Amino acid sequence: MDLKNIPSKIYPAYTWFWNNTITREGIDRQIDEMEKNGIRAFYVMGEPDNWFPDERATHLSPKYLSDEYVDLLFYAFEKAKEKGIYSWLYNEGAYPSGCACGQITEKYPELVYKYISVKKFVLEKGEVYTPCENALAAFVDEQRVQNGYILPENAEIWEYFWDCNGNHRLSLRVDNAELRGSQEFINVTHEKLKKRFGDCMGDEIHYMFDDESFMGGWTKDLDKIFLEKYGYDMLDFAPFISGAKSPKTDKEYRAVSDYMMLCGDLIRDNYFILMR
């Protein structure tokens with residue numbers, strides 16, 4: 001290959017942020033500047049105003065994934081093509097991929113990103129342990145205790161539970177390990193782009209950028225899936241898989257390793273394979 005004449009299709013792609021009012025005139029001007037400065041490939045990253053409200057204000061208009069927004073994306077693709085500049089597509093507004101900037105969790109809140117939390121409290125001798133609504137496992141010292149356990153003496157309870165009440169941005173994220181969440185993401189995003197770009201996708205546009213998709217530590221029925229795959233109860237090792245304690249024994253290290261591998265398998269099977 002002549003490295004002084006690299007085809008635009010495999011040229012390094014720049015991120016083009018859209019975070020204000022987008023117009024055809026503005027697109028024309030910026031693509032002309034790209035051509036002038038030797039930029040030969042890009043993808044657009046839209047930044048809706050709900051994504052960074054506490055960090056930096058953005059004022060994207062028209063609304064992300066609206067018909068008007070996608071029309072402007074297509075216009076930018078056509079304008080770039082005239083200049084010999086290659087366009088990728090990006091399947092998200094801001095990042096990470098997989099959530100359509102909150103449009104999925106707004107409609108289906110049960111598909112929100114989940115993680116494992118822990119809380120500590122004290123029960124007195126004779127009190128009965130009753131788990132919280134989303135409890136996964138509880139421990140007194142190194143002993144796992146179940147619902148209805150009666151404390152023989154005053155003791156600290158460490159309760160592990162799944163949670164989804166993080167900061168604003170976490171509430172927009174989708175659980176990418178749940179197949180339904182990924183299917184909804186494709187319907188909202190990829191199918192929307194396909195409707196406007198048509199045969200250009202896969203013909204003139206070959207690349208779809210996907211950014212930082214991952215699960216949050218917990219997904220629906222994870223303990224049941226784990227038991228079926230590995231043959232033992234992952235929640236016996238909740239302090240270690242949650243990161244609250246560091247593993248020391250071979251069994252503890254194995255549980256953490258099996259847990260991490262299963263999380264990767266679920267993301268692969270229920271997200272990345274669908275994206276491909």
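Colleague: Let's start with one residue: which residues does Asp-236 touch, not counting residues up to four places away in sequence?

Modeller: Contact here means heavy atoms within 4.5 Å. By that rule, Asp-236 touches Phe-139 and Arg-144. Keep in mind that this is a predicted model, where local features need pLDDT of at least 70, side-chain atom pairs count only at pLDDT 80 or more, and totals for chains, interfaces and linings use all residues. Residues are numbered from 1 along each chain as its sequence is written, and side-chain values use heavy atoms, with hydrogens and water left out.

Colleague: Okay, and where does Asp-236 lie?

Modeller: Helices (H or I, at least four residues) and strands (E, at least two) are DSSP runs, numbered from the N terminus. Asp-236 lies in the loop between helix 5 (222-230) and helix 6 (238-241).

Colleague: Is Asp-236 buried, partly exposed or exposed?

Modeller: Buried means under 20% relative accessible area, exposed means over 50%, and partly exposed is in between (1.4 Å probe, protein chains only). Asp-236 has a relative accessible area of 39%, so it is partly exposed.

Colleague: What about strand 2: why is it described as largely enclosed?

Modeller: Six of the six residues of strand 2 (residues 41-46) are buried, so the rest of the structure largely encloses it. Ala-41, Tyr-43 and Met-45 point one way, Phe-42, Val-44 and Gly-46 point the other way, and all are buried.

Colleague: Which strands join strand 2 in a sheet, and in what order?

Modeller: Two strands pair if DSSP finds at least two bridges between them. Here three strands make an open sheet in the order 1-2-3, with parallel pairing. Strand 1 and strand 3 are at the edges with a single partner strand each, so one side of each has no neighbour in the sheet. Five bridges link strand 1 (residues 14-18) to strand 2, and Trp-18 has Gly-46 as its bridge partner. On the other side, two bridges link strand 2 to strand 3 (residues 86-87), with Tyr-86 as the bridge partner of Ala-41.

Colleague: Which helices take part in the β-α-β units with these strands?

Modeller: A crossover is right-handed if, with the strands pointing away from the viewer, the path from the first strand over the helix to the second runs clockwise. Strand 1, helix 1 (residues 24-36) and strand 2 make one such right-handed unit. Strand 2, helix 2 (residues 67-82) and strand 3 make a right-handed β-α-β unit too.

Colleague: How is the sheet of four strands ordered?

Modeller: That open sheet has the order 5-8-6-7, and its pairing is antiparallel. Strand 5 (115-123) and strand 7 (143-145) stand at its edges, each with a single partner strand, so each has one side without a neighbour in the sheet. Inside the sheet, four bridges join strand 6 (residues 135-140) to strand 8 (residues 155-163), and Ala-137 has Tyr-160 as its bridge partner.

Colleague: Last one: at what angle do helix 4 and helix 7 pack?

Modeller: Axes are lines fitted to C-alpha atoms, for helices over the stretch in contact, and angles run from 0 to 180 degrees between N-to-C directions. Helix 4 (residues 179-197) and helix 7 (residues 250-275) pack at about 20°, with their axes 8 Å apart. Angles under 35 degrees count as roughly parallel, over 145 as roughly antiparallel, 65 to 115 as roughly perpendicular and the rest as oblique. Helix 4 and helix 7 are therefore roughly parallel to each other. Residues making the contact include Leu-179 and Phe-185 of helix 4, and Tyr-271 and Leu-274 of helix 7.
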